[in-house]
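Visitor: I would like to go through this structure with you and ask, for each label, what it rests on.
Guide: Gladly; let us set each value against its cut-off as we go.

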Amino acid sequence: MSNNFQEWWKKISAQDRPQLYRLIGIGLLGVLLLGFGSFGPSVPSPPHSSVPVTSKGPLMAQEQEVSSQLRQILEAIPQVHQVSVAVTLSRSMTSQYASSNASGQGSSPVVLTTNSGETVVPLDEIGPAVEGVVVVSPSAHNPLIRAELAQAVETLLQVQPYQVLILPST
């Protein structure tokens, strides 16, 4: 094998000098580009926190509420039992209220005064945005029940199939 390399080297160095110079030039250019590539701006790493974030805000409370309601509905399906559900939300439920701009200096909410008191007039409520759902149940060993569980979750929460994971438990 070293004999073949020696023959090739003699041929390149004696006959094809321009090709040898091109190969050396391309090699040096590659090494230079690799070297200069490490001098560019570095991408900052995300901050590391040693304290875990466990704040129980309105988003987590709504996740638990949706999970609980979904679990109750899924357990009502025949042959389904011992269901655990985890729902991940990207945004909590928000309300938009009607506003008036009578003074010309911005808007203020419309307040309706009745005999029972004053209430703000709701315009629209935007439901929580579901990121994903995981359902765990021993009943999910049966493929038909697993399909029913997935379809029920997709229908109830208006999510895509890739956002739902149904797992069997032992």
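Visitor: Within what distance do the axes of helix α1 and helix α2 come, and at roughly what angle do they cross?
Guide: Bearing in mind that this is a predicted model, the axes of α1 (residues 2–14) and α2 (residues 17–37) come within 6 Å, and the crossing is at roughly 105°.

Visitor: Why are α1 and α2 called roughly perpendicular to each other?
Guide: Angles from 65 to 115 degrees count as roughly perpendicular, and the crossing of α1 and α2 is at roughly 105°, so the two helices are described as roughly perpendicular to each other.

Visitor: Which residues make that contact, and what is their character?
Guide: On the α1 side the contact is made by W9, I12, S13 and A14, and on the α2 side by R17, Q19 and L20; these residues divide into four nonpolar, two polar and one charged.

Visitor: What makes α3 and α4 oblique to each other?
Guide: The axes of α3 (residues 58–75) and α4 (residues 143–157) come within 11 Å and cross at roughly 135°. Angles of 65 to 115 degrees would be roughly perpendicular and those over 145 roughly antiparallel, whereas roughly 135° belongs to neither range, and therefore α3 and α4 are oblique to each other. The crossing in which α3 passes α4 is right-handed.

Visitor: Which residues of α3 and α4 meet, and how do they divide by character?
Guide: V66, L70, I73 and L74 of α3 meet L149, A152, V153, L156 and L157 of α4, and the residues of this contact divide into nine nonpolar, no polar and no charged.

Visitor: Why is V136 called partly exposed?
Guide: Buried means under 20% relative accessible area and exposed means over 50%; the relative accessibility of V136 is 25%, so V136 counts as partly exposed.

Visitor: Where does V136 sit, and which residues does it touch?
Guide: V136 is placed in strand β8 (residues 129–137). Leaving aside residues up to four places away in sequence, V136 touches Q82, V83, S84, L167, P168 and S169. As for L149, one of the α4 residues that meet α3, V136 and L149 are 13 residues apart in sequence and 10.0 Å apart in space, C-alpha to C-alpha.

Visitor: Why does Q79 count as exposed?
Guide: The cut-off for exposed is over 50% relative accessible area, and Q79 has 61% relative accessibility, so Q79 counts as exposed. Q79 lies in the loop between α3 and β1 (84–91), and although Q79 is not a glycine, its phi is positive, at about 70°.

Visitor: How do you know that Q158 is exposed, and what is its phi?
Guide: With 67% relative accessibility, set against a cut-off of over 50%, Q158 counts as exposed. Q158 has its place in the loop between α4 and β9 (164–168), and its phi is near 55°, a positive value in a residue other than glycine.

Visitor: How many helices and strands are there, and what percentage of the residues is buried?
Guide: The protein has four helices and nine strands, which follow the pattern α-α-α-β-β-β-β-β-β-β-β-α-β along the sequence. Of the 170 residues in the protein, 22% are buried.

How values were computed. Residues numbered from 1 in each chain as written. Predicted model: local features only at pLDDT ≥ 70, side-chain atom pairs only at ≥ 80, totals over all residues. Heavy atoms only, no water. Buried < 20%, exposed > 50% of the residue type's maximum accessible area, 1.4 Å probe, protein only. Axes fitted to C-alpha atoms, helices over the stretch in contact; angles between N-to-C directions. Parallel < 35°, antiparallel > 145°, perpendicular 65-115°, else oblique. Left-handed = near helix turned anticlockwise from the far one by under 90°. Contact = heavy atoms within 4.5 Å. Nonpolar A, V, L, I, M, F, W, Y, C, P; charged D, E, K, R; others polar.
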